[in-house]
Amino acid sequence: MTTETQNSRFRYRIFTMVVLLALINYIDRGAMSYAAAHITGEYGLDRGDWGSVLGYFGYGYMVGALFGGMLADRYGPRKVWIVAGVTWSVFEIATAWAGDFGLAFLGGSALAGFATIRILFGAAEGPAYSIINKTIANWATPRERGFVVGFGLLSTPLGALLTAPVAVGLLSLTGSWRAMFYILGGAGLIVLVFFMRIFTDRPETNPRVSPAELREIQSARQQAAAGQAVDGPALPWWTFFRSKTLMLNTLGYFSFMYVNFLLLTWTPKYLQDNFGYSLSSLWYMGMIPWTGACVTVLLGGRISDLLLKRTGSLKIARSWFAAGCLLATALCFMLVSQAQSVFAVIALMTLANALNALPNSVYWAVVIDTAPASRVGTFSGLMHFFANIASILAPTLTGYLAARHGYSVMFVAASIATAIGMIAMLQVRPGVAPRLPGANAHSGAAR
């Protein structure tokens with residue numbers, strides 16, 4: 001077998017490393033939920049305080065998501081990967097002493113210490129998924145984007161699923177919630193080093209990409225570009241807000257993120273408070289709601305690509321597909337709010353999460369379908385920024401609702417959020433590019 005043949009799929013090594021790094025990113029952010037009993041007990045935090053601690057991450061995450069995409073467009077994804085990966089790993093380690101930092105330097109408030117470190121940690125993690133989209137835009141062929149975006153986003157449910165056994169395992173083995181943060185932060189730095197040894201911004205500049213693979217990538221791009229208008233001058237970042245499609249797609253993604261952060265941050269404490277599960281049981285109970293999503297996040301990209309191939313319509317393949325999934329998700333969460341047994345609750349949560357994850361790749365693919373190539377990172381970052389209001393709202397609102405009305409109301413709120421996303425996605429028209437005032441829009445591949 002020749003070297004050229006052996007290396008003809010090198011881009012999939014890049015995609016695999018992206019998933020691994022994003023996987024650690026996701027475990028890092030979710031691990032704190034499994035240390036809830038230790039941290040709230042040590043620092044005397046109530047349910048409302050804990051909701052705030054979980055929500056602080058989102059303030060920084062929004063900012064990081066916004067600027068991460070812009071920086072990836074300007075400096076290339078490699079540089080942003082390095083800065084973001086090192087920084088989030090350092091702040092993951094620093095989380096171990098966030099409460100003590102607040103007690104010593106922020107007026108004796110452990111809550112202020114967690115606020116400071118979690119906001120900075122969120123800002124460092126924020127760029128990750130915008131950089132993933134920029135990386136995929138640079139490396140994937142157009143016909144495989146749906147699947148590859150889905151593959152990259154596998155880190156979301158898989159990371160959430162693995163957070164339970166990893167976090168509980170580290171807590172049990174070390175006997176220290178602080179040690180858990182040390183180990184996770186160190187793992188992120190190690191994986192980043194291995195990734196940067198093989199990654200370049202584009203396949204054209206990577207010596208490991210064979211001539212055959214490079215021809216395949218370039219040929220597919222040229223075929224996809226046939227019949228489409230050539231990118232003109234780079235559009236200003238604010239043209240994002242002139243695109244009804246990008247704005248409504250962001251609202252759809254907000255719905256996905258609301259469900260995601262609700263389950264990621266509150267499932268462990270919900271199971272402990274409502275059904276009396278111990279830490280030793282949470283390692284597997286916390287995994288179950290994410291099992292279906294690990295499959296559907298990959299299937300969604302495939303289904304979307306297949307619908308596009310069969311119908312030739314981006315609206316059917318992206319918009320209608322996502323809207324149907326969100327409708328089913330909303331109905332499932334309404335049923336969860338009425339369920340009484342733990343088995344019914346877990347089964348319905350698992351189904352709802354699987355349906356919610358099914359169109360995950362669609363939101364990112366819509367940006368690639370619609371944005372000029374020079375603005376994919378920037379527009380991905382803007383989508384991520386506004387959608388991640390949910391990373392603050394979901395845990396914080398849940399803490400408020402749970403404290404005053406009980407846990408069942410949080411599922412009603414999730415149902416409302418996904419219903420809003422469904423309505424938004426029905427009006428999305430992928431491929432209709434944003435334009436400057438007075439300019440003629442090119443329709444791209446929209447149908």
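Me: Let me start with one residue: in which helix is Thr267 found?
Reply: Happy to begin there. Keep in mind that this is a predicted model. Thr267 is found in helix α13, which covers residues 244-275.

Me: Is Thr267 buried or exposed?
Reply: Here a cut-off helps: buried means under 20% relative accessible area. Thr267 has 3% relative accessibility, so Thr267 counts as buried.

Me: Which residues is Thr267 in contact with, leaving aside neighbours within four places in sequence?
Reply: With those neighbours set aside, its contacts are Leu262, Pro289 and Met349.

Me: Could we read Ile117 the same way? Where is its place?
Reply: Ile117 sits in helix α7, residues 110-125. Its relative accessibility is 9%, so Ile117 counts as buried too. Not counting residues up to four places away in sequence, Ile117 touches Phe91, Ala94, Thr95 and Ala98. As for Trp50, which is 67 residues from Ile117 along the chain, the two C-alpha atoms are separated by 15 Å.

Me: Let's turn to aromatic rings. What describes a pair of them?
Reply: Two quantities do the job: the distance of the centres and the angle of the planes. In this structure there are 28 aromatic pairs. Take Phe10 and Trp139, a tilted pair with 6.2 Å centre to centre and 50 degrees between the planes.

Me: Which parts does the pair of Phe10 and Trp139 tie together?
Reply: Phe10 belongs to helix α2 (residues 10-30) and Trp139 to helix α8 (residues 128-139), so the pair ties together parts that are 129 residues apart in sequence. Phe10 is buried at 2% relative accessibility, and Trp139 is buried at 0%.

Me: Why is the pair of Phe240 and Phe241 edge-to-face?
Reply: Look at the angle, since planes over 60 degrees apart count as edge-to-face. The planes of Phe240 and Phe241 are at 85 degrees, with the ring centres 5.4 Å apart, so this pair is edge-to-face. Phe240 is buried at 0% relative accessibility, while Phe241 is partly exposed at 36%. Both belong to one aromatic cluster with Trp237, Phe379, Phe385 and Phe386.

Me: Which residue lies over the face of Trp97?
Reply: That is Arg178, placed 4.3 Å from the ring centre of Trp97.

Me: Now for charges. When can side chains of opposite charge pair?
Reply: They can do so when their charged atoms come close. The count here is 13 salt bridges. In one of them, Arg29 meets Glu125 at 3.1 Å, N to O. This pair links distant parts of the chain, with Arg29 in helix α2 and Glu125 in helix α7, 96 residues apart. Arg29 and Glu125 are buried.

Me: What distance, N to O, goes with the salt bridge of Lys134 and Asp73?
Reply: For Lys134 and Asp73 the value is 2.8 Å. Lys134 in helix α8 and Asp73 in helix α4 are 61 residues apart, so here again distant parts of the chain are linked. Lys134 is buried, with a relative accessible area of 9%.

Me: What about Arg202 and Glu204: how do their side chains meet?
Reply: They meet in a salt bridge of 3.6 Å, N to O. Arg202 is partly exposed at 36% relative accessibility, and Glu204 is partly exposed at 34%.

Me: Which residues are linked in a network of salt bridges?
Reply: The network is made up of Arg9, Arg11, Glu144, Glu213 and Glu216.

Me: And on the surface, which residues form a nonpolar patch?
Reply: Val63, Phe67, Leu71 and Tyr75 do, with about 360 Å² of accessible area together. Val63 lies in helix α4, residues 47-75, and is partly exposed at 39% relative accessibility.

Note on methods: Residues numbered from 1 in each chain as written. Predicted model: local features only at pLDDT ≥ 70, side-chain atom pairs only at ≥ 80, totals over all residues. Heavy atoms only, no water. Phe/Tyr/Trp six-rings, centres within 6.5 Å; stacked < 30°, edge-to-face > 60°. Helix = DSSP H or I, 4+ residues; strand = E, 2+ residues; numbered from the N terminus. Buried < 20%, exposed > 50% of the residue type's maximum accessible area, 1.4 Å probe, protein only. Lys NZ or Arg CZ within 6 Å of the ring centre and 35° of its normal. Contact = heavy atoms within 4.5 Å. Patch = residues over 30% accessible without salt bridge, like charges linked within 9 Å, V, L, I, M, F, W, Y side chains within 5 Å. Areas by Shrake-Rupley, 256 points an atom, 1.4 Å probe, with all protein chains shown as cover. Salt bridge = Lys/Arg side-chain N within 4 Å of Asp/Glu carboxyl O.
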